[in-house]
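Visitor: Hey, I've got a structure open and I'm a bit lost. Could you walk me through it?
Guide: Sure, have a look at it and ask away.

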Amino acid sequence: MDAAEAEPDDGKVDLARLFRDSHVQEVLERLDHELVGLKPVKTRISEIAALLLIERGRKQLGLNAGAPSLHMSFTGNPGTGKTTVAVRMAEILHNLGYVRHGHLVAVTRDDLVGQYIGHTAPKTKEVLKKAMGGVLFIDEAYYLYRPENERDYGQEAIEILLQVMENQRDDLVVILAGYKDRMDTFFRSNPGMRSRIAHHIDFPDYSAQELLTIAQLMLERMQYALSPCAREALQDYIERRMAQPDFANARSIRNALDRARLRQANRLFADGGAMDRSKLTTLEADDIRKSRVFTMAPADETRTATTRE
Amino acid sequence: MMTNTGNRITQGQFSFLPELTDAQITAQVRYALQNDWAVSVEYTDDPHPRNTYWEMYGNPMFDLKDPAGILMEINHCRKTFPSHYIRVMAFNSTRGVESPAMSFIVNRPKPEPGFGLVRQEVDGRAIRYTVHSYATDKPESERY
């Protein structure tokens, strides 16, 4: 296309208007409000948003650099919000006009890799077709590659993925997610995959303070509230839980809250009698303190706990 | 047929028009997807009008959001069967409807020999007429 032909009369682009029209501001704000912490992730997302916005402006003036590659890899410990951010990412990319529909197709190895020869390609292709116009989110992507079994069909799925990632860049965005160390091994053994992914985003662990904020956000959404001493207990709980093995950040907190709700329900049921709104919504310190975490703390933790009591 | 000068097979939608471009196919498929119809790709080398069931190229594609995936499949099919008839169908699975809602040809062989009229003399001086595709005189795989 002729550049001069596409150029508007004044040769100017109103960035502010583009920004307003894309509603990306609202999505970013919501991201900021609903996701606690995750500074590097948010920075990278707003960078990508800026790039796409500028790209849009350039296109209006007839400047064309080709669609930027937006395949991403999210690495981080369990429960750091990789999936949540991926859903948001689809929304942002849709608002910026990079993907046409903005839906997210979340898959794992099972959905891509077949069980016998000739089963993998159609399976992978079907998933890819469903993800066209949106975002394909491959959780625990490192399972696709099994070096210990050279006849594993995972390699076939990777090859098809690579091909589509390269040739149909403007049709879909692929996001790979997984734990940091295992993803690093995965990329080392699949250099083609690494080089086709432009954005490697690392999700940091949450601090105790951030986890408390997250807990409060979750409770707010479930229409529960903490009594002042329950808040203290939860803070205590988070610190202890973080020191224990298998800590899964926000996911652990959500599970803890679910168990606290269970204990609260049990307690209210045992008490019987009339319930009012505040009784039904308030979690008490006891609901949290009864947790296993407080009794099964490691040795040094137990000591501090007993001195505190 | 006097109205069909190019001796082209006219089945389904748009068959009196010139070949659809990829952009036009995409637009048609997008319309089908907007209506929640499942789109499928089929091919055959026996385009007799009564040959309703063509070979399926893969399963019908349910749950798709974007026509890009279907265009990809169409192009795969064209690569595999460059001189077969290929059609795109949209299936409306609504309870009580359950039938194809759209059907159009997206690929056809270069020479289309067309059909001949066969007259069969039966009892007395009665004659039965039938349509015969010249292409099917040859064995499968050698027809086009």
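Visitor: What share of the contacts in chain A with a separation of 6 or more is made by residues 24 or more positions apart?
Guide: That share comes to 78%. Keep in mind that this is a predicted model.

Visitor: And what about chain B, for residues 24 or more positions apart?
Guide: In chain B they account for 52% of the contacts with a separation of 6 or more.

Visitor: OK, basics then. How many helices and strands does chain A have?
Guide: Chain A has 17 helices and seven strands. Its C-alpha atoms fill a box of roughly 75 × 55 × 35 Å along the principal axes.

Visitor: How much of chain A is buried?
Guide: Buried residues are 32% of its 309 residues.

Visitor: Is there a sheet to look for in there? In what order do the strands of chain A's open sheet come?
Guide: Look for five strands, in the order S2-S3-S4-S1-S5 of chain A, with parallel pairing. Strands S2 (104-107) and S5 (199-203) of chain A are at the edges; each has a single partner strand, so one side of each has no neighbour in the sheet. On average, neighbouring strands in this sheet are turned by 20° against each other, ignoring direction.

Visitor: Zoom in for me. How many bridges link S3 and S4 of chain A?
Guide: Four bridges, in the parallel sense, join S3(A) (residues 135-138) to S4(A) (residues 173-178). One place to look is A:Phe137, which stands opposite A:Ile175 in S4(A).

Visitor: Which strands does helix H7 of chain A touch?
Guide: H7(A), residues 120-131, packs on the sheet and touches S2 and S3 of chain A. The direction of H7(A) makes about 155° with that of S2(A).

Visitor: Back to A:Ile175 for a sec. Which residues does A:Ile175 touch?
Guide: Leaving out residues up to four places away in sequence, A:Ile175 touches A:Met72, A:Phe74, A:Ala86, A:Met89, A:Val135 and A:Phe137.

Visitor: That's a lot of greasy names. Why might nonpolar side chains be found together?
Guide: In soluble globular proteins, nonpolar side chains tend to be buried together. Here, the largest nonpolar core has 74 residues, and A:Ala86, A:Leu93, A:Val135 and A:Ile175 are the ones touching the most other members. Apart from that core there is another, of 18 residues, including A:Leu211, A:Leu212, A:Ala230 and A:Ala233.

Visitor: Now helices. At what angle do H3 and H4 of chain A pack?
Guide: H3(A) (residues 24-34) and H4(A) (residues 39-60) pack at about 175°, and their axes are 11 Å apart. Angles over 145 degrees count as roughly antiparallel, so H3(A) is roughly antiparallel to H4(A).

Visitor: Which residues make that contact?
Guide: From H3(A) you have A:Val24, A:Leu28, A:Leu31 and A:Asp32, and from H4(A) there are A:Lys42, A:Ile45, A:Ser46 and A:Ala49. By class, the contact has five nonpolar, one polar and two charged residues.

Visitor: Let's switch to chain B. What pattern does chain B follow along the sequence?
Guide: Reading along chain B, you get α-β-β-α-β-β-β-β. In total that chain has two helices and six strands. Of its 144 residues, 24% count as buried, and its C-alpha atoms fill a box of roughly 60 × 35 × 30 Å along the principal axes.

Visitor: How are the four strands of chain B's open sheet paired?
Guide: The pairing is antiparallel, and the order is S2-S1-S3-S4 in chain B. S2 (55-56) and S4 (99-107) of chain B are the edge strands; each has a single partner, so one side of each is left without a neighbour in the sheet. Helix H2(B), residues 67-80, packs on this sheet and touches S1, S3 (85-92) and S4 of chain B. The direction of H2(B) makes about 5° with that of S1(B).

Visitor: What do S3 and S4 of chain B form?
Guide: They form a hairpin, with six residues between the two strands. B:Gly96 sits in the turn and has a positive phi of about 95°. S3(B) and S4(B) pair over seven bridges in the antiparallel sense, and B:Asn92 has B:Ser99 in S4(B) as its bridge partner.

Visitor: Last one! How many residues of chain A are in contact with chain B?
Guide: 12 residues of chain A are in contact with 10 of chain B. On chain A's side, that is three nonpolar, five polar and four charged residues.

Key
Residues numbered from 1 in each chain as written. Chains lettered and ligands numbered in written order. Predicted model: local features only at pLDDT ≥ 70, side-chain atom pairs only at ≥ 80, totals over all residues. Pairing = 2+ DSSP bridges. Contact = placed C-beta atoms within 7 Å. Axes fitted to C-alpha atoms, helices over the stretch in contact; angles between N-to-C directions. Core = buried A, V, L, I, M, F, W, Y, C linked by C-beta atoms within 7 Å. Buried ≥ 20, exposed ≤ 12 C-beta atoms within 10 Å, placed from the backbone. Nonpolar A, V, L, I, M, F, W, Y, C, P; charged D, E, K, R; others polar. Parallel < 35°, antiparallel > 145°, perpendicular 65-115°, else oblique.
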